[in-house]
2 protein chains.
Amino acid sequence: MREYYSITELTREFDISTRTLRFYEDEGLIQPVRRGRTRLFRPTDRHLVKQIMRGKRLGFSINEIREIIQMYKEPPGEVGQLNLMIKRIEEKREDLRQKRRDLEETLAELDHAEEACVERLVELGVTT
Amino acid sequence: MREYYSITELTREFDISTRTLRFYEDEGLIQPVRRGRTRLFRPTDRHLVKQIMRGKRLGFSINEIREIIQMYKEPPGEVGQLNLMIKRIEEKREDLRQKRRDLEETLAELDHAEEACVERLVELGVTT
DNA sequence: CACGGCATTTACGTAAAAGTCAATCGATCA
DNA sequence: TGATCGATTGACTTTTACGTAAATGCCGTG
């Protein structure tokens, strides 16, 4: 496991801009350390970026991603806080389950659409 | 099956504003008919709205949703167009499969986070 | 030491997707 | 007939998530 990644390494790996990484830092999603003024990204920062990109692909906003990231962190020490966190996690999971239903339905409709296209090709006498 | 829905009926059903429905009309995603100036939404418009909301939850942009909706329509009559459409459909499906992987990974991490919370509660001697 | 290349900060810009507000119109109820 | 309710249009505003530009810092190489 590498100790540090440069900002450009991460921009290449995740196909995002430096601006985007600095933006995520401003938003408090990642906390790269500094050597002088230069940012040094540790493996945990890299992993966070990976999680952020996943969240983005799933259509979560920065705020929602921030919430999700909170959940991955060490669980709090107090009972009330723990129960609250469990509740929040359950909510997010329900959210994700809805997305999964949406996803399966969309996939099914696309399957259907593709079949219709293929059938149409057959009608037109195209040798597959 | 109802013949027409009013704009407010649909805003209530989908929990969106009238502004949003008009916006979708401006964007050409739906084409409600008119009685005078009043919009009348047919079942097909309602179904389109349902598909739009699904797309939104999955993080697709309006343009992407527009593309997807195109794919649900009648397949074109020309062979080149049909092959192009099949290619586009396959791309979208790959996109959705990526989302599905993201989704499963996120769900797994949330499961993990919840377990950690529950364990912590046990450590604290909370009777479940 | 000058230079190229990467990095930084600050500041302003922008596209997408609506929200909000004001003025108006038309149908209907009392 | 006047008031009220729902709908419409148009203009302006807002939020999110960065993009872009300008000016400058840091550093290894020849």
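**Exercise 1. Classify the two partners of the Asp45(B)–Arg42(B) salt bridge by accessibility.**

Step 1. In this predicted model, Arg42(B) has a relative accessible area of 29% and is partly exposed.

Step 2. Asp45(B) has a relative accessibility of 2%, so Asp45(B) counts as buried. The cut-off for buried is under 20%.

Step 3. The two side chains meet in a salt bridge with an N to O distance of 3.3 Å. The bridge therefore pairs a buried Asp45(B) with a partly exposed Arg42(B).

**Exercise 2. Work out where the salt bridge between Glu105(A) and Arg54(B) lies, and how accessible each partner is.**

Step 1. The side chains of Glu105(A) and Arg54(B) form a salt bridge, 3.0 Å from N to O.

Step 2. This pair crosses between chains: Glu105(A) sits in helix α5 of chain A, and Arg54(B) in helix α3 (residues 43–57) of chain B.

Step 3. Glu105(A), at 37% relative accessibility, is partly exposed. Arg54(B), with a relative accessible area of 6%, is buried.

**Exercise 3. Explain why the salt bridge between Arg93(B) and Asp111(A) joins two chains, and classify its partners.**

Step 1. The side chains of Arg93(B) and Asp111(A) meet at 3.3 Å, N to O.

Step 2. Arg93(B) belongs to helix α5 of chain B and Asp111(A) to helix α5 of chain A, so the pair links two chains.

Step 3. Arg93(B) is buried at 14% relative accessibility. Asp111(A) is partly exposed, its relative accessible area being 34%.

Step 4. For the wider setting, the structure holds 39 salt bridges over all chains. Salt bridges also link Glu90(A), Arg93(A), Glu94(A), Arg97(A), Arg101(A), Asp111(B) and Glu114(B) in a network.

**Exercise 4. Identify the buried residues of helix α4 of chain A, and explain why they line one face.**

Step 1. Helix α4 of chain A covers residues 62–72, and its buried residues are Ile65(A), Ile68(A), Ile69(A) and Met71(A).

Step 2. Viewed down the axis of α4(A), these buried residues fall within an arc of 150°, and therefore line one face of the helix.

Step 3. The packing partners of the buried residues of α4(A) come from both protein chains: α3 (43–57) and α5 (79–123) of chain A, and α5 (79–123) of chain B.

**Exercise 5. Describe the protein surface near DNA strand C.**

Step 1. Begin with the residues. DNA strand C is surrounded by 17 residues, and the closest are Thr8(A), Arg39(A), Ser17(B), Lys56(B) and Ile62(B). Of the strand C atoms that come within 4 Å of the protein, 79% belong to sugar and phosphate.

Step 2. Next, take the contacts to phosphate oxygens of DNA strand C. A polar side-chain atom of Ser17(B) lies 2.4 Å from one. For Thr8(A), the distance from a polar side-chain atom to a phosphate oxygen is 2.8 Å. Tyr24(B) likewise places a polar side-chain atom 2.8 Å from a phosphate oxygen.

Step 3. Then assign the surface to elements. Those giving two or more residues are α1 (7–14) and β2 (38–40) of chain A, and α2 (18–26) of chain B. The largest share, 4 residues, is from α2(B).

Step 4. Finally, sort the surface by class: 4 residues are nonpolar, 6 are polar and 7 are charged.

Conventions
Residues are numbered from 1 along each chain as its sequence is written. Chains are lettered from A and ligands numbered from 1 in the order in which they are written. This is a predicted model: local features need pLDDT of at least 70, side-chain atom pairs count only at pLDDT 80 or more; totals for chains, interfaces and linings use all residues. Side-chain values use heavy atoms; hydrogens and water are left out. Buried means under 20% relative accessible area, exposed over 50%, partly exposed in between (1.4 Å probe, protein chains only). The arc is that of the directions from the helix axis to the C-beta atoms. Contact means heavy atoms within 4.5 Å. A residue is near a molecule or strand if one of its heavy atoms lies within 4 Å of it. A polar contact is a pair of N or O atoms within 3.5 Å; within protein, one must be able to donate a hydrogen and the other to accept it, and residues adjacent in sequence count only if both atoms are side-chain atoms. Ala, Val, Leu, Ile, Met, Phe, Trp, Tyr, Cys and Pro count as nonpolar, Asp, Glu, Lys and Arg as charged, and the others, Gly among them, as polar. A salt bridge is a side-chain nitrogen of Lys or Arg within 4 Å of a carboxyl oxygen of Asp or Glu.
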